[in-house]
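Student: I have a model open and would like to learn how strands, sheets and helix contacts are read from it. Could we go through them one at a time?

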Amino acid sequence: MSRVYNFSAGPSCLPEEVLRECAAEMLDCNGTGQSVMEMSHRSAAYEPIIADAEAMVRKLMHVPDNYKVLFVQGGGSTQFAMVAQNLGIRHKKAAYIETGVWAKKAAAEAKKLGVAVDVIASSKDKQYSYIPRVETVTGDYDYVYICLNNTIMGTHYEYIPDTGTIPLVADISSCVLSEPLDVSKFGLLFAGAQKNLAPAGVTLVIVREDLIPDPEQCLPGTPTMLAYKTHADNGSMYNTPPCYTIYVLGKVLHWIERNGGAEGMLKRNKEKADYLYDFLDHSDFYHATAEKGSRSLMNVPFLTKYSTGATDDASLAKEKEINSAFVKNAEAAGLVNLKGHRLVGGMRASIYNAMPLDGVKALVTFMQQFAEEHK
């Protein structure tokens, strides 16, 4: 079977060039006669792999010297707790901007740990279809928390809130290295790898050194593995790291560099997103769910004209029928994983860094044909 265009929200498509490199080295990486999957993480063979991955993160994201780059496990969801346990320790109070599921879950996790959470802005009033404007944040907060790109709702911050001396924390899982980002404006950034960096299994954390507390200063009961200092002091090797995932991550970072770095990715991603949004905005059959001015370049949810919001049985049945037909027919055409999230409905095209423009063009061509057949 030939390669399909994979629009999954995560795990997502990886650059084909990287996959071929990994396949070629599966049995023998760098002349060692072994796969990275088999290497001791403390061996001379593996040491340059993780060192290169960190160096590439620092290079591509222009990470200042006073920040630590960590590779940890547990995905973005574990960071919901780690952020609170390590940063919410002075006033035990934090500000959250609620823009969807992941920011809401992060706030709930902080509350469980005894951190007082102030939701200082929310877009819940419009089903999280926009990013609320919060120009400045003041107060006795230990940190301010945002989710920079909302995978489910298809929204993205087009500005960075000014939090002054309050550390700004951002979940950048679904937009990491999709565009340039000034790391110095944040106290901590984290990204689950499975969207733009690598297969699932490793989470990138970039944290300012002065924000890393000694383990005994963390919230009471914080496990050793959930203290940032544990990982910072041990070069992300306190325990066995996800060695192969970090290896793939390094390969992807080199691919990004060859394609113009974060600036090149922004140009590439804007071209794809503009092509798709322009089609949606001029269609009488489809429409995007995210408001202009808040739209993600990575995740594009959209509905058909049959998604009217009506709750009668006939309308719901018709909407379900059309959505199911779209996803099924798209898959037959080599366009996979387009089913929308249940909270939004319809369809969702995730067009991360590795998705080529040809994939988006193929999707639009299919959408035009489908609309003609179902008008």
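Student: How many of the residues of S12 are buried?

Tutor: The way to read this is to compare each residue's relative accessible area with a cut-off, and a residue counts as buried when that area is under 20%. In this predicted model, six of the six residues of S12 are buried, so the strand is largely enclosed by the rest of the structure. Asn299, Pro301 and Leu303 point one way from S12, whereas Val300, Phe302 and Thr304 point the other way, and all of these are buried.

Student: In what order do the strands of the sheet that holds S12 lie?

Tutor: One lists the strands by who pairs with whom, and here that gives an open sheet of three strands in the order S11-S12-S14, with antiparallel pairing. Strand S11 (286–288) and strand S14 (347–350) are the edge strands, each pairing on one side only. From one strand to the next, the twist averages 30°.

Student: Which residues stand opposite one another along S12?

Tutor: Register is read from the bridges, residue by residue. S12 (residues 299–304) is joined to S14 by four bridges, the two strands running antiparallel, and among the facing residues are asparagine 299, which stands opposite serine 350 in S14, and proline 301, whose bridge partner in S14 is arginine 348. Towards S11 there are three bridges, again with antiparallel strands, and histidine 287 is found opposite leucine 303 in S12.

Student: What is the strand order in the open sheet of seven strands, and why is one side of S2 and of S4 left without a neighbour?

Tutor: The order is S2-S10-S9-S8-S5-S3-S4, and the pairing in this open sheet is mixed. Strand S2 (67–72) and strand S4 (116–122) stand at the edges with a single partner strand each, so one side of each has no neighbour in the sheet. If direction is ignored, neighbouring strands here are turned by 20° against each other on average.

Student: Is S2, at the edge, mostly covered or uncovered?

Tutor: Position in a sheet and burial are read separately, and in this case S2 is mostly covered, with five of its six residues buried. Its pairing with strand S10 (residues 203–208) is antiparallel and extends over six bridges, in which leucine 70 stands opposite valine 205 in S10 and phenylalanine 71 has leucine 204 of S10 as its bridge partner.

Student: Which helices lie on these strands?

Tutor: For a helix on a sheet, one notes the strands it touches and the angle between the directions. Helix H2 (residues 47–61) lies across S2 and S10 and runs at about 130° to S2. H4 also packs on the sheet, where it touches strand S3 (93–98), S4, strand S5 (143–147) and strand S8 (168–171), and its direction makes about 160° with that of S3.

Student: At what angle do the axes of H3 and H4 cross, and which residues meet there?

Tutor: The axes of helix H3 (residues 75–87) and helix H4 (residues 101–112) come within 8 Å and cross at roughly 45°, and the two helices are therefore oblique to each other. Their crossing is right-handed. On the H3 side Ser77, Phe80, Ala81 and Ala84 take part, meeting Trp102, Lys105, Ala106, Glu109 and Ala110 in H4. By residue class, this contact of H3 with H4 divides into six nonpolar, one polar and two charged.

Terms used
Residues are numbered from 1 along each chain as its sequence is written. This is a predicted model: local features need pLDDT of at least 70, side-chain atom pairs count only at pLDDT 80 or more; totals for chains, interfaces and linings use all residues. Side-chain values use heavy atoms; hydrogens and water are left out. Axes are lines fitted to C-alpha atoms, for helices over the stretch in contact, and angles run from 0 to 180 degrees between N-to-C directions. Angles under 35 degrees count as roughly parallel, over 145 as roughly antiparallel, 65 to 115 as roughly perpendicular and the rest as oblique. A crossing is left-handed if the near helix is turned anticlockwise from the far one by less than a right angle, and right-handed if clockwise. Contact means heavy atoms within 4.5 Å. Ala, Val, Leu, Ile, Met, Phe, Trp, Tyr, Cys and Pro count as nonpolar, Asp, Glu, Lys and Arg as charged, and the others, Gly among them, as polar. Two strands pair if DSSP finds at least two bridges between them. Buried means under 20% relative accessible area, exposed over 50%, partly exposed in between (1.4 Å probe, protein chains only).
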